[in-house]
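This report describes a protein assembly for a reader who has the coordinates at hand. Please consult the sequence and structure shown here alongside the text.

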Amino acid sequence: MVLTLTDMAAASILTLMIVVSVLVQSLLPGEGLITNEICYRQKVASQILEASMINGCLSKLARLYEAGHGLDSVLNEMSQLCPQNLVCCLKIYVPENNGLIACTGSIHDTLYGESSVLITTLRGKMDLICQVSRR
Amino acid sequence: MPSKQKVDAFIWSATAICVGIILLSCSTSENFASTLLLNMNSNRMASDKLQLATQNALFDLNQYLYCIAGGEIYHLAAMGEDPQTLSANLWARMPNWINSFNEGLLGRDIQSEIAVEDVKIDPYTLEKRIDFIQLNSIGFSTYPFQDGSVAISASLKIKLTDKINHARFEKFFRIQIIHPVRLYGLYDEFNNLQSMVNNLSCNWCYGNTTYAIARNVEVNLVSVVSTFLAKLSVKNFHGKIAYVITCTKNGSNSCRVDVVLTGIELTDLSGYVQLNSIMEHVTLKANFGVEVLYTNGFGLGGLDRIQLVNKVEN
């Protein structure tokens, strides 16, 4: 059987289509995989906050805020809970003036998981936000 | 078209259709898996968010109750009010917390129904059950709580709905925390002092003049109060008691003796409350008085009215 030029062109186009589709599938992560990664990072962030609540860090933050002292030492203590292969950023906002009053760490990726908890103090509410991304 | 070319064309067309179908089915199944993964992750994220919010409510209420209890205990003791009013005072502050927490959750796309019930305070005893996780969350993992501290309990019902994917979560918590300040201990000591003075004061009145009677009452009172304060020191309380003894003639052979403990200040040195940025000991400030009528069969001499004022402290 001798292949004509048309046959070869058709075969080449088909091969190219297959290669392109395989490359697209393998190189670009699907939306499902991206949300899977975000979900995992959000879970890590939630667990950091949950462990901090049990350890008494939220209570310390509330008392320091009421006393008008800095909150960085407690945020640093909380950031020790971050897994080694990930980086964590902890921020405290006061919703009334939407102001950032304390922050520790930074995230290195646009793909990050985020969880937050509320802290009610006698001076008002605070939002503690934990963001987790890849190192 | 020659037959060989027809066969080739057929083979290539069939191959192209087959590859197309394979690619299409791969893409469809991947889309299906991706959608499944998206839904699953969305549900997991919503469920994690709701679970964290319920834990947040429990621990935030814990620390809020602890903070407001500290301030209330301090002011209640300073006014010498009944410790049971503390329950009502804490209860009255709950709507503020509920509203503030609900607002905070709305900002996270969570619809919430929160109810705080049965806010109660009781004297802490060593036999009482302790929730170590809740105590740890307010910074008392290994604190040696003593009898007479304040045990605070409440129940928290929380029902949350995620506004985006309508996931629901419902939980009931029992809050059990202890404030280490021995408020009940202070009141117990105050009641002991009151009953001692009430029971013994009638035996302290003797003498032939108003001054002698007042002086005898003072000597006995100081002796009883000093012993009482010495025992307080052992229990790590501080006490300061100011008194006024008035002996007033009431006819030729009788008199009225008023023993008034005008400034009783009992302080618990073992615990603190935080008032803004200041850590303060709690001091119970109170007073009471007893009146004794004394009759001397031989008649009474001296001034019509004698008053002795002094104070004792440990």
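The report treats the interface first, then two lysine residues and a helix.

The structure is a predicted model. Chain A and chain B each bring 42 residues to their contact. The area buried between the two chains is about 3800 Å², and carbon and sulfur atoms give 59% of that area. On the side of chain A, A:Arg63, A:Leu118 and A:Thr120 supply 17% of the area that this chain buries against chain B, more than any other three residues.

Polar interactions also cross the interface of chain A and chain B. The rule finds three salt bridges there, and 14 residue pairs are in polar contact, with both partners at pLDDT 80 or more. The elements of chain A that give two or more residues to the side touching chain B are α1 (5-27), α2 (31-55), α3 (57-67), β3 (112-121) and β4 (124-134). The largest share of that side, 15 residues, comes from α2(A). By class, the side of chain A that touches chain B comprises 20 nonpolar, 14 polar and eight charged residues. One of the salt bridges joins B:Arg108 to A:Asp127, with the closest N and O atoms 2.9 Å apart.

Two lysines, one from each chain, are set out below.

| Residue | Strand | Relative accessible area |
|---|---|---|
| A:Lys125 | β4 of chain A | 13%, buried |
| B:Lys120 | β1 (residues 110-123) of chain B | 44%, partly exposed |

A:Lys125 counts as buried because its relative accessible area of 13% falls under the 20% cut-off. Its side chain reaches the backbone oxygen of B:Ser100 at 3.3 Å. Beyond residues up to four places away in sequence, A:Lys125 touches A:Val94, A:Pro95, A:Glu96, A:Leu118 and A:Ile119 in chain A, together with B:Ser100, B:Glu103 and B:Gly104 in chain B.

B:Lys120 is partly exposed because its relative accessible area of 44% lies between the cut-offs of 20% and 50%. With residues up to four places away in sequence left out, B:Lys120 touches B:Ser87, B:Ala151, B:Ile152 and B:Ser153. The C-alpha atoms of B:Lys120 and B:Ser155 are separated by 9.6 Å, although the two residues are 35 residues apart along the chain.

Chain B also contains helix α1 (residues 3-79), which has 77 residues. From its first C-alpha to its last, α1(B) reaches 112 Å, close to the 114 Å expected at 1.5 Å a residue. B:Gly80 follows α1(B) and has a positive phi, near 70°.

Key. Residues numbered from 1 in each chain as written. Chains lettered and ligands numbered in written order. Heavy atoms only, no water. Contact = heavy atoms within 4.5 Å. Buried area = accessible area lost by both parts, 1.4 Å probe. Salt bridge = Lys/Arg side-chain N within 4 Å of Asp/Glu carboxyl O. Polar contact = N/O pair within 3.5 Å; in protein donor to acceptor, adjacent residues only side chain to side chain. Helix = DSSP H or I, 4+ residues; strand = E, 2+ residues; numbered from the N terminus. Nonpolar A, V, L, I, M, F, W, Y, C, P; charged D, E, K, R; others polar. Buried < 20%, exposed > 50% of the residue type's maximum accessible area, 1.4 Å probe, protein only. Expected span 1.5 Å × (residues − 1).
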